[in-house]
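Here is a short tour of one protein model, written to be read with the structure open beside you. Feel free to turn the view as you go.

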Amino acid sequence: MKTQTKQCLDAISHLSEGACPDREMLRCILQGRNTETAAFAAELAAQTRDRVYGRRIFVRGLIEFTNFCRNDCLYCGLRRSNKNASRYRLTEEEILSCCELGHRIGFRTFVLQGGEDAYFTDKRLCALVRAIKAKCPDCAVTLSVGERSAESYAALRAAGADRYLLRHETADASHYALLHPAEMSLSHRMDCLRELKRLGFQTGAGMMVGSPGQTEESLLDDLEFLLELRPEMVGIGPFLPHHDTPFRDKPAGSVELTLYLLSIVRLMLPEVLLPATTALGTASAGGRTAGVLAGANVVMPNLSPPGVREKYLLYDNKACTGLEAAEHLSELRAEMKKIGFAVSMDRGDHACCGK
Ligand code: SAM
Ligand code: SF4
C-alpha cells in the first residue's frame, strides 16, 4: 500500500515537472488516489495555476437561453424524451438584455448555453453573436450549443464567437454508447472538437465523473484524449441523476474523484481554463471553493433571467442561487477572498491566446 502511495506521489511530481505521462503513469496516479496523494496533487496544481494565472478567478456570465433539445442523452433532464420538462426559449431581446445587465455588473465573458434547438439556425445564432459583439465589443462570447456542421461552426466563428464548449463526455466509445442513443457517436463528437480547434475557437472539452458505466479505463481514455486534443478549457463535473431520465436511480459521481481529476488536468495542461462547475457546487456545499483549491480558475455564475433558471434542470437540485447567481457576485468575491483569491472581471482568455 505504502509503495503504491509513494509511486503515485512520484508520478504526480513528474507530471508537475512537465513529464508527458503515458497510460501506465496515469493509471498509477488514478489507482494511488487517497487523502495524501489528493492533497499533494491539489497543492502542486494550485502552484501551477498561480504561476500561470496568479491568484485570480475568472468569472463568466452563463446564459442558459433554451432548454429545447433534439437529442436524447440518457443522463440529461433536457433530453427530448423528457415530456415533463417545461420548455422555454429566450428571445433575442431577452438574451441581449442579459448581456447588457451582465456588462453593467462587470462581466466580460458571456457563455450562451442551450440544448440543440433547431430554432437557432446559423442565421439566427450568427445574428445574435454579432448583436452581442456590437453591444459589448470588449466581451468574449462563448457558445455551448452542441454538435453542428463544420460550415455552421465556421459561420459562428466568422460572426465573432471566441470560444466553444463541447464536452466529449467520455472518450471510451463503448461507454459513450451507454450514455447516448445510437444516432450519436463519439467519433462525430471528436470530429466536432477537432474542427472547432482548427477554426481557432478556444475550445472546451470535458467529461462527467461517475456517469453510469464509467470505469478506470474510461477515465484513462479521457485523460489521454485531453492530452492529445490540448483543449483550452476542460469542464469536469460529477454526474448527478435527474428523476425523469433512465439514470434516475444511478448514484451521483464522487466529489473527491472530481477534485482529484481537476488537479491532474491542471498539471497535465498548466494553462488550461478550468471551471469549478455548477455540478460540483450542487454535489457538495463547499464544492466550488474546493474546486478552486484543487486547481480550478473559472466560475460561471448564472446570468439567465431568474424566472427560467429552475427550468434548465440538467439534474436534480441544480444550484442556481447564492454563489451560483450572477447578481450575488459580492458573495462570490467574499468567498474567494476568504481563500486568498480575487475575482477577475477580465475576459480571461487562455494564457496562450494571441501568442
Ligand atoms: N447541449 C449542449 C451539449 O450537450 O454540449 C450544451 C448543454 S449540456 C446541458 C451541457 C453539459 O451538461 C453536458 O455537456 C453534460 O456534461 C452536462 N450534464 C448534462 N446532464 C448532466 C447530469 N445529469 N449530471 C451532470 N452533468 C450533466
Ligand atoms: Fe441535449 Fe446537451 Fe442535454 Fe444532450 S446534454 S440532451 S445535447 S442539452
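The notes below go through aromatic rings, helix contacts and a few single residues of this predicted model.

## Aromatic pairs

Let's begin with the rings. A pair of aromatic rings is described by the distance of the centres and the angle of the planes. The structure contains 6 aromatic pairs. One of them joins Y53 and F58, whose centres are 5.8 Å apart and whose planes stand at 90 degrees, an edge-to-face arrangement. Both partners can be placed by their accessibility: Y53 has 5% relative accessibility and so counts as buried, and F58, at 2%, is buried as well.

Another pair is made by Y164 and F201. Their ring centres are 5.8 Å apart with the planes at 75 degrees, so this pair too is edge-to-face. Y164 belongs to strand β5 (residues 163-165), while F201 sits in the loop between α8 (186-198) and β6 (202-209); the pair therefore ties together parts that are 37 residues apart in sequence. Y164 has a relative accessible area of 0%, which makes it buried. F201 is buried too, at 2% relative accessibility.

## A cluster, and charges over rings

Next, look for F65, Y119 and F120, which together form one aromatic cluster. Y119 also has a charged companion: R124 lies over the face of its ring, 3.9 Å from the ring centre.

F201, already met as the partner of Y164, has a charge over its ring as well. Here the charged end of R157 is placed 5.5 Å from the ring centre.

## Helices α4 and α5

Which residues bring α4 and α5 together? On the α4 side they are E92, I95, L96, C99 and E100, and these meet R124, L128, A131, I132 and K135 of α5. R124 thus appears twice in this tour, in the contact with α4 and over the face of Y119.

As for the geometry, α4 covers residues 92-105 and α5 covers residues 122-135, and their axes come within 10 Å, crossing at roughly 30 degrees. With angles under 35 degrees counting as roughly parallel, the two helices are therefore roughly parallel to each other. The crossing of α4 and α5 is right-handed.

## Helices α8 and α9

A second helix pair is worth a look. The axes of α8 and α9 (residues 216-229) come within 12 Å and cross at roughly 25 degrees. That angle makes α8 and α9 roughly parallel to each other as well, and the crossing is right-handed. M190, L193, R194 and K197 supply the α8 side of the contact, and F225, E228 and L229 supply the α9 side.

## Two buried residues and their contacts

Now zoom in on T142, in strand β4 (residues 140-144). Its relative accessibility is 3%, so T142 counts as buried. Setting aside residues up to four places away in sequence, T142 touches T109, F110, V111, L112, R163, Y164 and L165. One of these contacts, Y164, is the residue that pairs with F201.

A279 is the other residue to visit, in helix α11 (residues 278-283). At 9% relative accessibility, A279 is buried. Apart from its neighbours within four places in sequence, A279 is in contact with G237, P238, L240 and Y315. How far is A279 from L96, measuring between C-alpha atoms? The separation is 26 Å, for residues that are 183 places apart along the chain.

## Positive phi outside glycine

Finally, two residues with backbone angles to check. E169 has a phi near 75 degrees, a positive value in a residue that is not glycine. This residue lies in the loop between β5 and α7 (173-179). Is E169 buried or exposed? Its relative accessibility is 9%, so E169 counts as buried.

N317 likewise has a positive phi, about 65 degrees, although N317 is not a glycine. You will find N317 in the loop between α13 (306-309) and α14 (329-338). In contrast to the buried E169, N317 is exposed, with a relative accessible area of 69%.

Definitions and conventions: Residues are numbered from 1 along each chain as its sequence is written. Chains are lettered from A and ligands numbered from 1 in the order in which they are written. This is a predicted model: local features need pLDDT of at least 70, side-chain atom pairs count only at pLDDT 80 or more; totals for chains, interfaces and linings use all residues. Side-chain values use heavy atoms; hydrogens and water are left out. Rings of Phe, Tyr and Trp (its six-membered ring) pair if their centres lie within 6.5 Å; planes under 30 degrees apart count as stacked, over 60 as edge-to-face and the rest as tilted. Buried means under 20% relative accessible area, exposed over 50%, partly exposed in between (1.4 Å probe, protein chains only). Helices (H or I, at least four residues) and strands (E, at least two) are DSSP runs, numbered from the N terminus. A charge sits over a ring if NZ of Lys or CZ of Arg is within 6 Å of the ring centre and within 35 degrees of the ring normal. Axes are lines fitted to C-alpha atoms, for helices over the stretch in contact, and angles run from 0 to 180 degrees between N-to-C directions. Angles under 35 degrees count as roughly parallel, over 145 as roughly antiparallel, 65 to 115 as roughly perpendicular and the rest as oblique. A crossing is left-handed if the near helix is turned anticlockwise from the far one by less than a right angle, and right-handed if clockwise. Contact means heavy atoms within 4.5 Å.
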